[in-house]
Amino acid sequence: MWSFFETVRNRHSVRRYEPGMSVEHEKLHAILETATAAPSAGDLQAYRIFVVTDAERREQLVQFSPRHAFIAEAPVCMVFCADPQRSIATFGEQAGKMFAIQDTTIVASYAQLAAVAAGLASAWVGSFESQGIADLLEIPAAVEPISLITIGYPAELPELTPRRALTEIVDFL
Ligand SMILES: Cc1cc2nc3c(=O)[nH]c(=O)nc-3n(C[C@H](O)[C@H](O)[C@H](O)COP(=O)(O)O)c2cc1C
């Protein structure tokens, strides 16, 4: 089993998935349980997660993100949505909206790591027509899709992409 550090290092955006290999229910459940252990502002978990496994619905999702045909090829697409009403009640309009987006991106990135730990791969899709996705999945009006995460068994091992040097990014004070 990989250490946490190895798990992080082995997460790459995978955009090709093994056809015909669905994700076991137990693994999906473990990913969701692990992801929702993420921190959230005020412990409010101001997000919703829509898990799309139905093939026809995954095909339909591509209409709203046409450059990402792999959404239909991955057996699972998790749609991570901000639910700002949950955090606005505690933190007010401005902070509540911001915290809901932060909560949502954190839970989505935990899901990506949990997928790796479960022997799966994923890709984050941030470019899509939000209203179309919301209408298709009948997502409540106050809930906003933030990211789509495709998950499945990898059919490619992408090249590692370099990262900026820490010296460019980090200041020790
Ligand atoms: C906020 C965000 C938006 C992204 N949007 C897209 C996207 O629309 N399409 C896509 O193919 N990848 C998308 N990605 C994945 C990035 O391209 C990818 O993480 C980056 O190139 C680094 O590669 P790696 O994930 O393999 O380390 C997105 C990632 C993030 C965090």
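Biologist: What makes the link between a nitrogen atom of the ligand and the side chain of His68 a polar contact?

Modeller: This is a predicted model. In it, a nitrogen atom of the ligand is 2.7 Å from an N or O atom in the His68 side chain. The cut-off for such a pair is 3.5 Å, so this one counts as a polar contact.

Biologist: How do you know that Gly126 makes a polar contact with the ligand, and through which part of the residue?

Modeller: Through its backbone. A polar backbone atom of Gly126 is 3.1 Å from a nitrogen atom of the ligand. That also falls within 3.5 Å, so the term applies.

Biologist: Which ligand atom does the side chain of Arg163 approach, and at what distance?

Modeller: An oxygen atom, at 2.8 Å from a polar side-chain atom of Arg163.

Biologist: Which other residues are around the ligand?

Modeller: Among them are Arg11, His12, Ser13, Arg15, Trp124 and Thr161.

Biologist: Now the helices. Why are helix 3 and helix 7 called roughly antiparallel?

Modeller: Helix 3 spans residues 55-62 and helix 7 spans residues 130-137. Their axes cross at roughly 160° and come within 10 Å. Angles over 145 degrees count as roughly antiparallel, so this pair does.

Biologist: Which residues meet there, and of what classes?

Modeller: Arg57, Gln60 and Leu61 of helix 3 meet Ile133, Leu136 and Leu137 of helix 7. Four are nonpolar, one is polar and one is charged. Arg belongs to the charged class, so Arg57 is the charged one.

Biologist: Why is helix 5 called oblique to helix 6?

Modeller: Helix 5 (residues 84-91) packs on helix 6 (residues 93-117) at about 140°, with the axes 7 Å apart. That angle is not over 145 degrees and not within 65 to 115, so helix 5 is oblique to helix 6.

Biologist: Which residues of helix 5 make the contact?

Modeller: Pro84, Ser87, Ile88 and Phe91. On the helix 6 side, Glu93 and Phe99 are among the partners. The contact has six nonpolar, two polar and two charged residues.

Biologist: What relation do helix 2 and helix 6 have, and how do you know?

Modeller: Helix 2 (residues 25-35) crosses helix 6 at roughly 140°, and their axes come within 8 Å. By the angle cut-offs, these two are therefore oblique as well. The crossing is right-handed.

Biologist: What does helix 2 bring to the contact with helix 6?

Modeller: Ile31, Thr34 and Ala35. They meet Val107, Tyr110, Ala111, Ala114 and Ala115 of helix 6. Seven residues are nonpolar, one is polar and none is charged. Thr is outside the nonpolar and charged lists, so Thr34 is the polar one.

Key: Residues numbered from 1 in each chain as written. Predicted model: local features only at pLDDT ≥ 70, side-chain atom pairs only at ≥ 80, totals over all residues. Heavy atoms only, no water. Axes fitted to C-alpha atoms, helices over the stretch in contact; angles between N-to-C directions. Helix = DSSP H or I, 4+ residues; strand = E, 2+ residues; numbered from the N terminus. Parallel < 35°, antiparallel > 145°, perpendicular 65-115°, else oblique. Contact = heavy atoms within 4.5 Å. Near = heavy atom within 4 Å. Polar contact = N/O pair within 3.5 Å; in protein donor to acceptor, adjacent residues only side chain to side chain. Left-handed = near helix turned anticlockwise from the far one by under 90°.
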